[in-house]
Amino acid sequence: MGTVQEQRETPANAALQSGLTPRKILVTGGAGYIGSHTVHMLLAQGHDVTVVDNLSKGHRHNVPAERLHELNLSDTAALVRLMREKQCEAVIHFAAFIAVGESMREPARYFINNVSGSLSLLDAMVQAEVKHIVFSSTAAVYGNPHTTPILEDFPIQAVNPYGESKVMVETLLGWFDPIHHLTSVCLRYFNASGCDPDSLLGEEHEPETHLIPLLLRAVQTGNPVTVFGDDYPTPDGTCIRDYIHVNDLAQAHILAVEYLIGGGTSEKFNVGTGTGHSVMETIRAVETVTGQKVPYVVGTRREGDPPSLVASSNKLRERLGWSPRYADLRTIVEHAWKFASRK
Ligand code: UFG
């Protein structure tokens, strides 16, 4: 498999040619799944991107080598130096641990990495006078909502340390705005999935816990995937999620950065399609795309899984003009399959 370094980077004047203003943006966690897709899109649009990643979860091959700075977020002084040197205008902050189940076993690691890391980053931004941040938040801040679609003003009630760590960072951002005039957009992702169909980027978590890559792996290996419960109060008894294409997520970040640099006030937005799909529907989509049966067994419920999480993204559509390009599950699965079946 090739690497992203081998791909041609779009000429630096791409943004000017398209009428956009090139921005100097620092991306934390830019070697990870959603981060690398966003970096790729920013570069394609002609922006000047600096990536910070400690490669504890991200992959070196996801980022052009000359863009990557291997740093821990806890190194505030190094972040200040880098932001000053690169004259950053804004930060997009992805770097975080993301596994809900792991967070229930090792909460301290999640709070140290996700909350302390973010606080160090915010401290560095204040020192370097970088005034805008787009933050990777999550639908997990809503816990187990009683109705869907979920609106941004639903109660915040995380039910695991992962979700709580994101709530805490949203709270920090709420203080840094009035005190330090640091404006933020929190993007609350629903189920990020798929991959860029035209690059070598894809979903490579280790271990993988997400449904779509696991279903594709089951097709490839013949080892059955476990459906976590079929006794939920949903039409077919399996959990419903709002699968959002990673490129559409990436685009939301770029719109959010432009919004903040253009003087927009701090905001929180859901990012989803507004359509939910059950686990069984997702299995059928994988079977249609791959032309093969998905081997699966039905197991017990996974602790902490809400029956249904579907976003209302009307606020994001109306305020930032966002609309998903790949809103159907079949296209998402097609793109994920292209990556999973690469040679
Ligand atoms: N599922 C299975 N079997 C598996 C894996 C998943 O049945 O082997 C089911 C889950 O129970 C769930 C659905 O498939 O109903 C999706 O599960 P994922 O693990 O792919 O995603 P989650 O909805 O659990 O979590 C995602 C992100 C989290 C984030 C959360 C917010 O991965 O980081 O959405 O809602 F917190």
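Welcome to this structure, which is a predicted model. A good place to start is P149, found in the loop between β5 and α6. The peptide bond that joins T148 to P149 is cis, with omega at about 0°. From that loop, the tour moves on to the sheets, the strand β2, the nonpolar cores and a few local details.

**The seven-stranded sheet**

- Seven strands make up an open sheet with parallel pairing, and their order is β3-β2-β1-β4-β5-β6-β11.
- At the edges stand β3 (68–69) and β11, each with a single partner strand, so each has one side without a neighbour in the sheet.
- Helix α2 lies across β1, β2, β4 and β6, and the helix runs at about 160° to β2.
- Helix α6, residues 161–180, also packs on the sheet, where it touches β5 (132–138), β6 and β11. The direction of α6 makes about 155° with that of β5.

**A closer look at β2 and V52**

- Four of the five residues of β2 are buried, so this strand is largely enclosed by the rest of the structure.
- With β1, strand β2 pairs in the parallel sense over five bridges. One residue to look for here is L26, whose bridge partner in β2 is T50.
- With β3, strand β2 pairs in the parallel sense over two bridges.
- How buried or exposed is V52? V52, which lies in strand β2, is buried, with a relative accessible area of 1%.
- Opposite V52 stands H69 in β3.
- Not counting residues up to four places away in sequence, V52 touches L26, V27, T28, G29, G30, H69, L71, L73, L79 and L82.
- V52 and H93 are 41 residues apart along the chain, and their C-alpha atoms are separated by 9.5 Å.

**The nonpolar cores**

- The largest nonpolar core has 37 residues, and the members that touch the most others are V27, I34, I92, L187, V271 and L316.
- Two or more residues of this core come from each of β1 (24–28), α2 (33–44), β2 (48–52), β4 (90–93), β6 (183–189), α8 (246–261), β11 (267–271) and α10 (314–320).
- Helix α8 gives the largest share of this core, with nine residues.
- A second, separate core has 26 residues, and V52, M125, V130 and F135 are among them.
- Which residues does L187 contact, leaving aside its neighbours within four places in sequence? L187 is in contact with V134, F135, S136, S137, T138, A252, H253, F269, V271 and L316.

**The three-stranded sheet**

- Another open sheet has three strands in the order β12-β9-β14, and its pairing is mixed.
- The edges of this sheet are β12 (277–278) and β14 (308–309), each with a single partner strand, so one side of each is left without a neighbour in the sheet.
- Strand β9, residues 240–241, runs antiparallel to β12, and two bridges join them. In this pairing, I240 stands opposite S278 in β12.

**Backbone details to look for**

- Most residues other than glycine have a negative phi, and most peptide bonds are trans. The residues below, like P149 above, are worth viewing with that in mind.
- A cis peptide bond runs from E206 to P207, with omega near 0°. P207 has its place in the loop between β7 (191–193) and α7 (211–221).
- L55 is not a glycine, yet its phi is positive, near 60°. Look for L55 in the loop between β2 and β3.
- H181 is not a glycine either, and its phi is positive at about 55°. H181 sits in the loop between α6 and β6, and this residue is exposed, with a relative accessible area of 57%.

**Charges over rings**

- Where does the charged end of R301 sit? This end of R301 sits over the ring of Y232, 4.0 Å from the ring centre.
- The charged end of R342 sits over the ring of F339, at 3.8 Å from the ring centre.

Key. Residues are numbered from 1 along each chain as its sequence is written. This is a predicted model: local features need pLDDT of at least 70, side-chain atom pairs count only at pLDDT 80 or more; totals for chains, interfaces and linings use all residues. Side-chain values use heavy atoms; hydrogens and water are left out. A nonpolar core is a set of buried Ala, Val, Leu, Ile, Met, Phe, Trp, Tyr and Cys residues joined through side-chain atoms within 4.5 Å. Buried means under 20% relative accessible area, exposed over 50%, partly exposed in between (1.4 Å probe, protein chains only). Contact means heavy atoms within 4.5 Å. A charge sits over a ring if NZ of Lys or CZ of Arg is within 6 Å of the ring centre and within 35 degrees of the ring normal. Two strands pair if DSSP finds at least two bridges between them. Axes are lines fitted to C-alpha atoms, for helices over the stretch in contact, and angles run from 0 to 180 degrees between N-to-C directions.
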